[in-house]
Amino acid sequence: MAFFNPFRPSYVRDPYPALHRLRAEEPVHRAERIDAWIVTSYEACVEVLRDQERFSSDLGRARGRLGEQVAQQHREAVLGGGGRMVASDPPEHTRLRGIVTRAFTPRYVEGMRPFVEEEVGRLLAAATPGTPFELMSRLAEPLPSAVIAAHLGTPAEDRERVVGWAIALMRTALIVGLPAAERRAAEEARAALLDYIARFTAEGAGGGESLLARLAREQDEGRRLTADELLELTIDLALAGNDTTANMIGNGVLALGAHPDQLALLRARPELLGSAIEEVLRYDPPTQVVVRVATRNLRLGRAALAEGDTLLLMLGAANRDPAQFEDPDRFDVAREGAHRHLAFGLGVHFCLGAPLARVEGEAAFAALIARFPDLRLAPGATLPRANDWMMRSVREIPLDTGAPPA
Ligand code: HEM
């Protein structure tokens, strides 16, 4: 009988064998213990992602455990009352996405490339031969944080403080039942950020080219956005692009390090960098789960779902579906069609930050390959994983920096 238990350490270490089994046996599987349907085939994930009528992103509509969690999250919300874009349905989603898309343009993203490359250079310059370089804390995590600071238009001297506020606020959106002290800290962070934004907009955001400045110039139904709305949209973007991008870099380094032939191929053919990043995202996507709620009684494949049922779309499973990707467990930086992965979702909620994530990935992998000839792990590295089955995340990846200078 099909079975799904993502709480085992072996699943967190390597979920793919269990996901393969489940997809083969029952691609839409009812997991009573989690109170959700587990969707593992590419085809069924695509069907759900493309259909906002039958499958809602407003998780407040869920019955059972998820609905209760969302209600608690709303009661505890520190971030104003507006719906987050990713958790809204059309027409509200269309309105929010429209505002952000007008500011977060391909040109804006391309304009960030020199900043991202410079930042990667600065972070990697600190890798001293002979001393292990811990990838996550020294490159993968600081890089998206620096990008958040750039979105907010924060001068370098304020960066740590402002990003600290943003991260405190982001945690309240991610974690239900935060301790009282952390909630108080988040309230203070929200007040501080609102004050920062108010000063910033008063000082003439007109000229600035940060995302916040661009959003501040946007109109929503004929009016400027309030400081609260600006904060919410900016934090939304920061939240969505922080851990995801860090883990894309971490997972990519692990995949390349474990496949020296693929690393050698990429080194020999740098034009494969773009396709290598797509393959990293296919092979080991940071976001493993996207959630939807059935809006009515319906059928998905052979399963009969009831209104309010929760669906967990297992993106890592879809990305390794043999019906879509030949020999799916093979890591192949030259794979044709790797970009059809679902690591960024699909449909109206398709990741808004995908072009920026790719810019960050290109800058990071190009520089890492140049700096570390074989991306070898430091001797004795244990690679502790976050105890999280929804995000593929290794907390520490110490790299060997080669022999110290004589
Ligand atoms: C490798 C890095 C990233 C991964 C794996 C990733 C993954 C995803 C996924 C799977 C979704 C779809 C969620 C759903 O359908 O419910 C999504 C949406 C989103 N992502 Fe990303 N993301 C990444 C980077 C970024 C970055 C850098 C940003 C911002 C600058 C960002 C902003 C967003 C936003 C705003 C949405 C919601 C879009 C909407 O609801 O219309 N993401 N992302």
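## A buried glutamine

A residue counts as buried when its relative accessible area is under 20%. Gln288 has a relative accessible area of 1%, so Gln288 is buried. Please keep in mind that this is a predicted model.

Where does Gln288 sit along the chain? Gln288 belongs to the loop between H15 and S7. Two polar partners can be listed for its side chain: the side chain of Tyr16, in a polar contact at 3.1 Å, and the backbone oxygen of Pro285, at 2.9 Å. Setting aside neighbours within four places in sequence, Gln288 is in contact with residues including Pro15, Tyr16, Leu19, Leu313, Met314, Trp389 and Arg392.

## Helix H2 and its surroundings

Tyr16, the side-chain partner of Gln288, also belongs to helix H2, which covers residues 16-25. The buried residues in this helix are Tyr16, Ala18, Leu19, His20, Leu22 and Arg23.

What do the buried residues of H2 pack against? Their partners are helix H1 (9-13), strands S1 (28-31) and S2 (36-39), helix H15 (273-283), strand S10 and helix H16.

## Strand S7, covered on both faces

Just along the chain from the loop that holds Gln288 comes strand S7, residues 289-294, where six of six residues are buried. Val289, Val291 and Val293 are buried on one side, while Val290, Arg292 and Ala294 are buried on the other.

S7 has antiparallel pairings with S3 and with S10. Strand S3 (residues 55-56) is joined to S7 by two bridges, and here Phe55 stands opposite Ala294. The pairing of S7 with strand S10 (residues 310-314) runs over five bridges, with Arg292 facing Leu311.

## The iron and the ligand

How many donors does the protein give to the iron atom of the ligand? There is a single one, the SG atom of Cys351, 2.3 Å away. Cys351 lies in the loop between helix H16 (315-318) and H17.

Around the ligand there are 26 residues, and the closest are His93, Arg97, Arg292, His349 and Cys351. Three of these have polar side-chain atoms paired with an oxygen atom of the ligand: for Arg97 the distance is 2.7 Å, for Arg292 it is 2.8 Å, and for His349 it is 2.6 Å. Arg292 thus links two parts of this report, as a buried residue of S7 and as a residue beside the ligand. At least two shell residues each come from helix H5 (92-103), helix H12 (227-241), helix H13 (243-258), S7 and H17.

## Two nonpolar cores

Helix H17 (residues 354-371), one of the suppliers of the ligand shell, also gives the largest nonpolar core its largest share, nine residues. That core has 83 residues, and those touching the most other members are Leu135, Leu139 and Leu368. Which residues does Leu368 touch, not counting those up to four places away in sequence? They are Leu124, Leu135, Leu139, Ile249, Val253, Leu375 and Leu399.

A second core, separate from that one, has 23 residues, among them Val12, Tyr16, Leu59 and Met314. Two of these names bring us back to the start: Tyr16 and Met314 are both in contact with Gln288.

Notes: Residues numbered from 1 in each chain as written. Predicted model: local features only at pLDDT ≥ 70, side-chain atom pairs only at ≥ 80, totals over all residues. Heavy atoms only, no water. Core = buried A, V, L, I, M, F, W, Y, C linked by side-chain atoms within 4.5 Å. Buried < 20%, exposed > 50% of the residue type's maximum accessible area, 1.4 Å probe, protein only. Helix = DSSP H or I, 4+ residues; strand = E, 2+ residues; numbered from the N terminus. Contact = heavy atoms within 4.5 Å. Donors = N, O, S within 2.8 Å, 3.2 Å for Na, K, Ca; no water. Pairing = 2+ DSSP bridges. Polar contact = N/O pair within 3.5 Å; in protein donor to acceptor, adjacent residues only side chain to side chain. Near = heavy atom within 4 Å.
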